[in-house]
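Here are some exercises for getting to know a new structure. Have a go at each task before reading its solution.

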Amino acid sequence: MKTLEELHKIRAEKKKELDLRINTKADTREKHILVCHGTGCTSSKSAEILANFKRIIEEKKIENVRVIKTGCFGLCAKGPIVIIRPEDTFYAMVKPEDCEEIIQTHIIEGNRVERLLCKDIDGKKVNSLDELNFYKKQKRIALKNCGIINPEDIDEYIAFDGYLALEKVLKEMTPEEVIEVISNSGLRGRGGAGFPTGKKWALTRASEGKQKYVVCNADEGDPGAFMDRSILEGDPHSVLEAMAIAAYTIGANKGYIYVRAEYPIAVKRLEIAIKQAKEYGILGEHIFGTDFNFDIEIRLGAGAFVCGEETALLESIEGKRGQPRVKPPYPAQAGLWGKPTLINNVETYSNIAQIILKGANWYSSIGTKNSKGTKVFALGGNVNNIGLVEVPMGTTLREIVYDIGGGIPNGREFKAAQTGGPSGGCIPKEHLDTPIDYESLKEIGSMMGSGGLIVMDDTKCMVCLAKFYLEFTVSESCGKCTPCRIGTKRMLEILEKLCSGEGSEFDIYKLEKLAVNIQKASICGLGQSAPNPVISTLKYFREEFRQHAIQKECKALECKALSKITVIQDKCKGCGLCQKHCPVNAIEGKGREPRVINQDKCIKCGTCLTSCPFHAIGN
Amino acid sequence: MDEKKTNQSTCKYNCNKERSPFLEELFSRYQPEKDNLIQMLNEIQEHDGYISLKSQKELSEFLKIPMAEIYGVITFYSRFTLKPKGKYHIAVCLGTACYVKGSQKIMDRLLERLQIQAGETTPDGKFSIEETRCVGACGLAPVFTVNGEVYGKATVQKLDQVIDELMKEEG
């Protein structure tokens, strides 16, 4: 247990000590080596790098240097990342064996290790994080502490104004005042639907009942999205603090965090955070000497996409099959075990403390008319800078893909971007300048979703993409309601027909009809939005569907049955690489003459396509 | 054959067999409340690699939940399996970021190599295959994992190499 005075003391002391993390001119002799420990970098051995640094420092008895594990820096494509502060030197793709050189050259001799400096897309080496184009247009609110603090040390969170908002709320504000601030800030749910957060809190507060619950939805099921995971891994206390504020506001004393079991690092850091908060008396009884009690438990999901739907999630916390309930009643009236329950998403919570501290006006000054603040996106697919980005609402897709993302690799063309995962839609080239906010994305047939943003180049077949998402929804449909259970399956069958060259124009008509019916008749958000990937691809790439159905042609060469792979004779230099790689010896020709593909032998595996250095293979 | 016979003459739930020390320990940590079911299943899956009939029966008695309901929960969530996984559990990420970068080709090759379907284990119990959705290493896409170890920027050739090595190790 810590008294408020003790917490203030920790904050003051640590603030001074950690100034070098955010201030390049910090007055200190210390150096901090920050090693990214997000899932991406951990997969490429950042734990070994951390251990190596520690060992070398100990062996060489170097003083005034600390090695710290942090959450995600965002630029996953360049991982594992090591940053040295206060000078803010950014080393990319560091290997465990590079540690020795970094310590010797950088720490002892005071020079940069040139070969490990991160390079920008134009090939220019950058000295510090802020010089990278990737970071220039970003604004970090939800990710404020990610990559700066050690997520497993509560003192470091406290140093950067952690738990100050909770103190302010408990000591100075009434629940009504909190709701007013959150409502005025314009914050909307970041899980996808965009329901105003203040209104949700007010509704749950107004519900009658002695027992109420606060739930955090960390069941991030959208394939290719990792925003919530990164927040939990990099700054778990921000979620705990916000849940406590929410609990005080609506009158709850118990909270649950429902997190995917597939996120072992996030789960572990949450467990540590909860334990530390309890030890400090920030969770538990009589928090900060008031009458407010609050406790948080973790519940693990077990791999069901539908559990991201709020009522299905509640069923799952209760230990049952995660099947959605019919709404109304909404969770605000009857949620967990029938009691009023507030459910918010991880990213929504991670904004709360700062809104309380900096005020509603500050937050609402960022963003567009109806969408305030920032949004975190997991940028992936055919884009140079894969990683985690946080931008103000209203940033255009072009800025995200080209300025932050660094454009499309391998000299390819942008074809489409997909937002909102299996519930969202595709955005084609002509809408690249759409400002990203809830309304404008909806208008062009996509949705904000939780924040997955996958970029596709011109080698992707849109019919296949629609099929890919339908395969996902079919396997994740919980089976409760007929339109979703059977309807999505029928849609998938039609798409399979189209991809295998057995479809007709009538199939496209049937697909559209089914899509609308499923949207209208399904019980929950999963079913209602399942046809979206099909509807949006049909809207913008109808010609491609028709090519599949009528001309029996797949221009992207992804549908094997419809693609005839040939060598473009005037581009072929006769190098013979394709011949060497072809697994079935279907490529004929010798010497320097252009090659020819024997269509009877060809199995359309595409190996020649990827092995040709001259882009001389096409259809 | 003999082994099968003795099993049949007793009981398919292994009722007469003693509760494993792991289950004893697990049951001592949890209250017998219904909402603990998924938590406990997660721990059993983690420890045993699958959920055996014996474990289901024990859970049913401990939590006072019918066997059918437990079966319903196990089959609903993709993390739970009723059969043991292989010695080498290979998971290919089919999240969108990996899919866009060609992970389906890697999956197809894996199925071809091992001659089983996703979710199955080879008859010798050595290999099993899983389709996963996003392991979180999108920066390394496409990825596959072998017993949790991540292989990034994967190609069909790389996969072949890994499998060849594992098969060689196993003889």
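The exercises below go from whole chains to domains, cores and contacts.

A word on conventions first. Residues are numbered from 1 along each chain as its sequence is written, while chains are lettered from A and ligands numbered from 1 in the order in which they are written. This is a predicted model, where local features need pLDDT of at least 70, side-chain atom pairs count only at pLDDT 80 or more, and totals for chains, interfaces and linings use all residues.

**Exercise 1. Take stock of chain A.**

Step 1: count the elements. Chain A has 24 helices and 17 strands; helices (H or I, at least four residues) and strands (E, at least two) are DSSP runs, numbered from the N terminus.

Step 2: check how compact chain A is. Its radius of gyration is 26 Å, close to the 25 Å from the globule rule for 619 residues, so chain A is as compact as a globular protein of that length. The radius is taken over C-alpha atoms, and the rule is 2.2 Å times the number of residues to the power 0.38.

Step 3: look at the box. The C-alpha atoms of chain A fill roughly 80 × 65 × 40 Å along the principal axes.

Step 4: look at burial. Of the 619 residues in chain A, 54% are buried, meaning that 20 or more other C-beta atoms, placed from the backbone, lie within 10 Å of the residue's own (exposed is 12 or fewer, partly exposed is in between).

**Exercise 2. Do the same for chain B.**

Step 1: chain B comes to eight helices and four strands. Along the sequence they run α-α-α-α-α-β-α-α-β-β-β-α.

Step 2: the C-alpha box of chain B is roughly 50 × 40 × 25 Å along the principal axes, and 37% of its 171 residues are buried.

**Exercise 3. Split both chains into domains.**

Step 1: chain A gets domain 1 (17-135), domain 2 (154-364), domain 3 (374-457), domain 4 (462-551) and domain 5 (564-618). Such bounds come from an automatic or database domain assignment.

Step 2: the centres of domains 3 and 5 of chain A, taken over C-alpha atoms, are 35 Å apart.

Step 3: chain B gets domain 1 (2-76) and domain 2 (88-170), with 30 Å between their C-alpha centres.

**Exercise 4. Find the residues at the heart of the largest nonpolar core.**

Step 1: know the term. A nonpolar core is a set of buried Ala, Val, Leu, Ile, Met, Phe, Trp, Tyr and Cys residues joined through C-beta atoms within 7 Å.

Step 2: pick out the best-connected members. Among the 222 residues of the largest core, those touching the most other members include A:V82, A:M243, B:V143 and B:F144. Helix α11 (residues 236-250) of chain A gives the most to this core, with 10 residues.

Step 3: zoom in on A:V82. Beyond its neighbours within four places in sequence, its contacts (C-beta atoms, placed from the backbone, within 7 Å) include A:I33, A:I49 and A:Y91.

**Exercise 5. Describe where the chains meet.**

Step 1: 37 residues of chain A are in contact with 30 residues of chain B.

Step 2: on chain A's side, elements giving two or more residues include α2 (39-43), β7 (295-301) and α13 (310-317).

Step 3: sorted by class, chain A's side has 14 nonpolar, 17 polar and six charged residues. Here Ala, Val, Leu, Ile, Met, Phe, Trp, Tyr, Cys and Pro count as nonpolar, Asp, Glu, Lys and Arg as charged, and the others, Gly among them, as polar.

Technical notes
Contact = placed C-beta atoms within 7 Å.
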